[in-house]
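Open the model in your viewer and keep the selection panel at hand. The tour goes stop by stop.

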Amino acid sequence: MRQQIDISAEESAKQLQFAHLLKERLDTKRQALGRDLTYHIETFGCQMNAKDSEKLAGILETIGYKETEDENADIVLYNTCTVRENANNRVYGRVGFLGKLKKKKPDMKIILCGCMMQEQHVVEKIKSSYRFVDIIFGTHNIYKLAELLYEQENSDGMCIDIQKDADRIVENLPSARKYSFKGGVNIMYGCNNFCSYCIVPYVRGRERSRRPDDILQEIREMTENGVSEIMLLGQNVNSYGHGLEESINFAGLLEKVCRIDKVKRVRFMTPHPKDLTDDIIEVIAREPKVCNHVHLPLQSGSSRLLKLMNRHYTKEDYLALTERIKAGIPGVSLTTDIIVGFPGETEEDFEETLDVVKKVRFSSAFTFIYSKRTGTPAAKMPDQVPEEVVKKRFDRLLKTISDISAEITEEAVGNIENVLVEEKSSQGEGYVTGRLANNLLVHFKGDESLLGSYVDVKLLEAKGFYYIGEIFS
Ligand code: 5AD
Ligand code: SF4
């Protein structure tokens, strides 16, 4: 289905005006208090949320708020996730804690946004049980933060603005990136796949692709500001381009991104196995800038469950695809997402999953216990699997994955790899952490001056999911 999207320059100009008005008020407050006013954003969930949080931080910084490490701030914003139930429970717990903080600091503002807020029952619960929350908004209108803050300041109640659907993509608002040298770029929003367990299509809306020129422009600006590694983000990146006036697909976009001089590395997240076509494999193989890592969610190895999950591929399709990827991209690293305990999962189904894990040999995997999400088709399916059974399967799966990861990382010991130095290492003083093209991490001796640069590192020791190494010169 084609969708009309209003890419609204007017809207971003309007929002910047609200930011400007708030900035004037904030300057007065700062003078009266004799200190800066601060914000703290806590992000739950995936990379899309992390990216949204950078946009929210950009707006708050434009107003003049300064970031602070903990919740002892003038504005505390929780950007929530609702993919699994336990994430929701954690949010409620922490909002309760914020309520206590606010009793001591009545001027503090508490803001909740993100996927959880797109669910009506959540908003009802907050309205009735967490009345101290100041602003609630969803996933479709994060660009409105300045306007909502302005509105809330001019009223005394809770300000709620949830849009059911996305009517527009608002470009060109400021963003405060977490890293100065790498960053995510949304290439599309939403998801049309309706996997039967997943709530994302209900809270993030239908698929909308951004125009290639806007994406490339954003990337160029990022590279002018020191970014060299780009992560292209979308719930289903390989259906990029559907509904756009321009004729372009994901493989074409990848190539265009590689043509930008200052881009050194390109990653992407997340492709769907049903749409990962050979032209994408060819671009990854051909373009040295595209990292040799494919994160390819499996979810289950059982064709019977995959059908119930509405995934549109079988175990055999998945295995054949990963064979094509391995043959096409030498040295590729494959990672995945797996759900354990989908309704009706039998021991045989689970063993099919283990079988795929052993055949594909993933470098690592995110494993999830199935979480029943009200409103999804799977929530009504019979034979929900008992918790103890799921827990045992989950542990077996983890063990299989980590044994294989350990073998894979061991094989590369002795190799010299080019890495992007990302942070000071948790391994100790004088160590930094670098990321290999295949997404694994290596800790090695080095100082902060290396952050953001690319260096060659010899892998000395494999430690399961990561390495210890030394600079190779
Ligand atoms: N229960 C457990 N895991 C889920 N995921 C999505 N929905 C659920 C659910 N209801 C997992 C999938 C997806 C990842 C982002 O989260 O594995 O790929
Ligand atoms: Fe959820 Fe499936 Fe869409 Fe991924 S592809 S966001 S699992 S519905």
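How far does a polar side-chain atom of Arg84 lie from an oxygen atom of ligand 1? Select both: the separation is 3.0 Å. Bear in mind that this is a predicted model.

**Stop 1: ligand 1**

Stay on ligand 1 and add Gln299. An N or O atom of the Gln299 side chain sits 2.6 Å from an oxygen atom of the ligand. Now add Asp337. Its side chain places an N or O atom 2.7 Å from a ligand oxygen atom. Switch on a surface next. Taken alone, ligand 1 has 400 Å² of accessible area, and the protein covers 85% of it.

Widen the selection to the whole shell. Besides Arg84, Gln299 and Asp337, it includes Val83, Tyr197, Ile339 and Phe368. Ile369, Tyr370, Ser371 and Arg373 belong to it too. Colour by class: 6 residues are nonpolar, 2 polar and 3 charged. Then show the strands. β15 (333-340) supplies at least two shell residues, and so does β16 (364-369).

**Stop 2: ligand 2**

Which residues surround ligand 2? Select Cys191, Asn193, Phe194, Cys195, Tyr197 and Cys198, then Val200, Pro201, Gln235, His272 and Arg311. Tyr197 is in this list, and it also appears around ligand 1. By class, the ligand 2 shell has 7 nonpolar, 3 polar and 1 charged residues.

**Stop 3: a helix pair**

Select residues 315-328, helix α11, and residues 347-360, helix α12. Their axes are 11 Å apart and meet at an angle of about 10°. Angles under 35 degrees count as roughly parallel, so α11 is roughly parallel to α12.

Show side chains where the helices touch. From α11, pick Lys315, Tyr318, Leu319, Thr322 and Lys326. Facing them in α12 are Glu352, Asp355, Val356, Lys359 and Val360. The contact residues divide into 4 nonpolar, 1 polar and 5 charged.

**Stop 4: two backbone details**

Most residues other than glycine have a negative phi, and most peptide bonds are trans. Two places here depart from that.

Is the peptide bond from Met269 to Thr270 cis or trans? Zoom in: it is cis, with omega near 10°. Thr270 lies in the loop between β13 (265-269) and α9 (278-286).

Finish at Asn310. It is not a glycine, yet its phi is positive, about 65°. Look for Asn310 in the loop between α10 (303-308) and α11.

Methods:
Residues numbered from 1 in each chain as written. Chains lettered and ligands numbered in written order. Predicted model: local features only at pLDDT ≥ 70, side-chain atom pairs only at ≥ 80, totals over all residues. Heavy atoms only, no water. Near = heavy atom within 4 Å. Polar contact = N/O pair within 3.5 Å; in protein donor to acceptor, adjacent residues only side chain to side chain. Areas by Shrake-Rupley, 256 points an atom, 1.4 Å probe, with all protein chains shown as cover. Helix = DSSP H or I, 4+ residues; strand = E, 2+ residues; numbered from the N terminus. Nonpolar A, V, L, I, M, F, W, Y, C, P; charged D, E, K, R; others polar. Axes fitted to C-alpha atoms, helices over the stretch in contact; angles between N-to-C directions. Parallel < 35°, antiparallel > 145°, perpendicular 65-115°, else oblique. Contact = heavy atoms within 4.5 Å.
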